Amino acid sequence: MGKRWSQKDRSELIMRLARGELSVSDAAEAHDIPLDTLQSWVDDFFSTAKGSLDETRRALLGKGGIEAEDDGDLGGRIEEIAAVDLLQTLGLNRKTGSLSINASRGHGKLWLKNGVLVDAEAGALTGVEALYRIMTFETGAFAFRFRDVDRPQTIDSDLNHVLMEAMRRLDESKKILARLPDADLLIKTAPVAAALAHASAEYRIIVDLFKPGQTISEVLEESPLGHLATLQVIDELTARSALVVTRTRREFVGSESVAGLAAASMSSLPMPSAAPKRNLWHLALAAGLIVGTLTFLGVLLIEPGDAAPPETAAAQPEPEPEPEPEPEPEPEPEPEPCPEGMIFHRGGKLYVGSPSESPMLAMARPAHQVQVSSFCLDSHEVTVAAFRECSNTGECERAYRESIWPQGSMKKRAWEHAQEVYSELCNEGQEGREDHPVNCVSWFQAKRYCEIKGKRLPHEVEWEYAARGSDGRVYPWGDEPPGPQRLNACGDECQRWTEERELGETAVMYETDDGWVGTAPVGSYPLGRTQAGVDDMIGNVFEWTADGFYRYAEGAGAELTVDPRGPEESERRIIRGGAFNSTHPVHTDPALRFPQTADTHTHGIGFRCARSPDFEPEAPPETAPDGAPDGAPAPSTAPAGPTTGA
């Protein structure tokens with residue numbers, strides 16, 4: 001190191017590093033300065049700058065300009081160290097205290113005890129969901145205060161496990177945000193939002209938040225659903241034209257106070273307790289903190305009453321305000337082929353049935369290709385409230401409160417006992433089940449309701465097409481196996497219920513309590529929706545279809561069958577879809593079909609309605625040529641089989 005470096009020369013070099021004009025490695029190589037020496041210069045410079053900052057801070061404390069901080073408190077910028085890295089550092093050092101993050105799009109607070117997460121708050125969220133929300137903050141100031149923690153333990157998971165899940169959710173959130181409107185544009189609800197809000201509790205929450213005219217940023221801060229769940233609902237509502245983006249932008253004013261900025265600039269973060277290793281990352285972080293310190297000093301040294309220099313004030317006359325442009329009239333909404341609450345399915349080909357050798361799928365064999373015309377289908381099963389409204393006007397018979405089905409091979413005493421017990425699960429007359437699917441209705445009652453509404457029961461090929469699409473997916477939601485997040489079937493709660501009522505032992509679909517002994521409110525399983533957005537096609541209740549029972553023909557001709565139908569006159573009608581008490585994974589196969597006598601009214605059967613569309617909309621370019629539902633992927637190869645001879 002040939003050159004003798006004065007204090008002024010060192011300061012100028014460090015400022016060049018801080019401004020990004022020179023990299024650490026280039027400086028060390030160009031001036032032949034060992035990294036350890038360069039690090040010591042940075043430490044000395046920062047110590048001097050921090051001393052000046054402390055003097056300024058003490059002066060402002062005397063004037064009441066900023067709030068006092070406890071000794072040892074830490075602060076910084078989320079831009080300089082990601083929230084996940086910050087928490088890992090605090091965890092490794094087994095720190096106890098509270099971490100506040102004052103971000104540009106929200107506020108959050110976390111509590112740790114000996115490096116273990118205890119509790120979190122962010123907007124309307126608490127616990128682990130609040131933590132996941134905080135992990136999405138990318139800009140803003142943070143401050144950690146060392147103090148005892150007296151908070152209830154709401155986060156029980158291991159820190160690393162929580163952070164891994166947070167990173168997964170963050171990646172998924174970014175994908176959704178990339179296709180949503182700008183987060184600061186005002187959004188209002190469209191007329192269709194009211195019908196969708198009735199269909200789902202999650203929809204209703206988000207629709208209500210948007211009603212005053214809010215931005216996505218504001219709704220994320222106020223929503224109780226969780227960050228990712230809120231984005232998923234916003235994404236679905238946007239795709240279904242329930243939310244309308246305006247041209248007005250909400251000018252967001254950050255709430256970073258002088259105290260918050262002081263906390264953000266006062267000190268560097270502690271490294272893990274292992275022996276410190278001086279490297280390029282340390283130098284780069286120190287350089288960034290220097291910029292924050294100097295910027296803070298520059299801002300604070302201007303007293304609130306100081307005026308700008310005369311020549312500066314003269315050089316910048318106050319511009320005249322520009323007149324606000326007149327808002328353009330909103331275009332008339334395009335007509336929809338289906339009424340509100342129904343989803344359009346563009347006609348196409350699919351393979352119905354299954355090649356499986358399972359005895360439960362005997363009536364679904366052989367698999368065969370059919371052509372289905374376009375149709376509309378209810379987005380969710382008919383609810384207790386909707387059916388009761390029809391019966392209250394005298395147009396429909398009231399749903400039964402007794403669960404009745406044919407005796408079959410059951411012994412009479414066991415059959416009568418089972419009917420008496422299962423009648424508890426009929427939803428009519430049960431308080432709090434208004435948004436559950438109506439059950440304990442016969443095929444005749446379901447048919448009548450749909451006709452009163454100007455609709456009809458779906459044909460079973462329409463039902464299977466809506467549940468599977470033409471891409472041959474295994475389940476309505478895709479190829480992932482069934483679980484309590486995707487459908488309402490028989491779990492631990494079902495097994496306990498049947499044993500308590502002396503109905504004997506029963507198998508379970510999954511060894512988890514899904515929270516519902518009987519039906520769940522419609523739309524409770526958004527992860528189980530079909531590719532077109534239809535809820536509860538599998539689980540909750542089996543569904544009546546229009547068709548009388550018939551068997552698929554063996555060895556039918558090679559001609560493609562268009563819109564096959566079962567017999568119009570039949571004592572037995574086909575039910576589809578599995579129910580809340582389904583115990584076998586085969587019950588989740590969209591090909592499953594059962595015959596049931598039409599006058600049966602059981603706890604496990606409900607229905608939804610269908611109808612023909614008002615018109616055939618022009619197919620968008622991305623729609624599959626074989627007519628998959630709008631937005632569905634193109635068909636894949638499905639198992640071959642003879643055509644039906646229905």
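## G75 and the six-stranded sheet

Let's start with one residue pair: G75 has A143 in β6 as its bridge partner. These residues belong to a predicted model, in which local features need pLDDT of at least 70, side-chain atom pairs count only at pLDDT 80 or more, and totals for chains, interfaces and linings use all residues. Residues are numbered from 1 along each chain as its sequence is written, and side-chain values use heavy atoms, with hydrogens and water left out.

β1 and β6 (residues 140-146) run antiparallel and are joined by four bridges. Strands here are DSSP runs of E with at least two residues, while helices are runs of H or I with at least four, and both are numbered from the N terminus. Two strands pair if DSSP finds at least two bridges between them. Six strands make up this open sheet, with antiparallel pairing and the order β1-β6-β2-β3-β4-β5. Because β1 (74-77) and β5 (125-126) are at the edges with a single partner strand each, one side of each has no neighbour in the sheet.

## A three-stranded sheet with a helix on it

Another open sheet has three strands in the order β9-β12-β18, again with antiparallel pairing. At its edges are β9 (342-345) and β18 (610-611), each pairing on one side only. Helix α17 (residues 460-468) packs on this sheet and touches β9, β12 and β18; contact means heavy atoms within 4.5 Å. The direction of α17 makes about 75° with that of β12, where axes are lines fitted to C-alpha atoms (for helices over the stretch in contact) and angles run from 0 to 180 degrees between N-to-C directions.

Four bridges link β9 with β12 (residues 375-378) in the antiparallel sense. If you want to find a pair of residues in the structure, try F344, whose bridge partner in β12 is C376.

## R573 in strand β15

Now look at β15 (residues 572-576), the strand that holds R573. Four of the five residues of β15 are buried, so the strand is largely enclosed by the rest of the structure. Buried means under 20% relative accessible area, exposed means over 50%, and partly exposed is in between, using a 1.4 Å probe and protein chains only. β15 is joined to β13 (residues 542-548) by three bridges, running antiparallel, and G548 stands opposite R573. With β16 (residues 594-597), β15 pairs in the antiparallel sense over four bridges; here R572 stands opposite T597.

What does the side chain of R573 reach? It reaches the backbone oxygen of A546, at 2.9 Å. R573 is buried yet has no salt bridge, a term for a side-chain nitrogen of Lys or Arg within 4 Å of a carboxyl oxygen of Asp or Glu. The nearest side chain of opposite charge is E569, 5.4 Å away; Lys and Arg count as positive and Asp and Glu as negative, while His and the chain ends are not counted.

## Backbone details in the loops

Two residues have a positive phi although neither is a glycine: R94 at about 50° and N540 at about 70°. R94 is in the loop between α4 (83-92) and β2 (97-103), and N540 is in the loop between α18 (492-500) and β13. Are they buried or exposed? R94 is exposed, with a relative accessible area of 56%, whereas N540 counts as buried at 1% relative accessibility.

Finally, R365 and P366 are joined by a cis peptide bond, with omega about 0°. P366 sits in the loop between β10 (348-352) and β11 (368-372).

Conventions
Polar contact = N/O pair within 3.5 Å; in protein donor to acceptor, adjacent residues only side chain to side chain.
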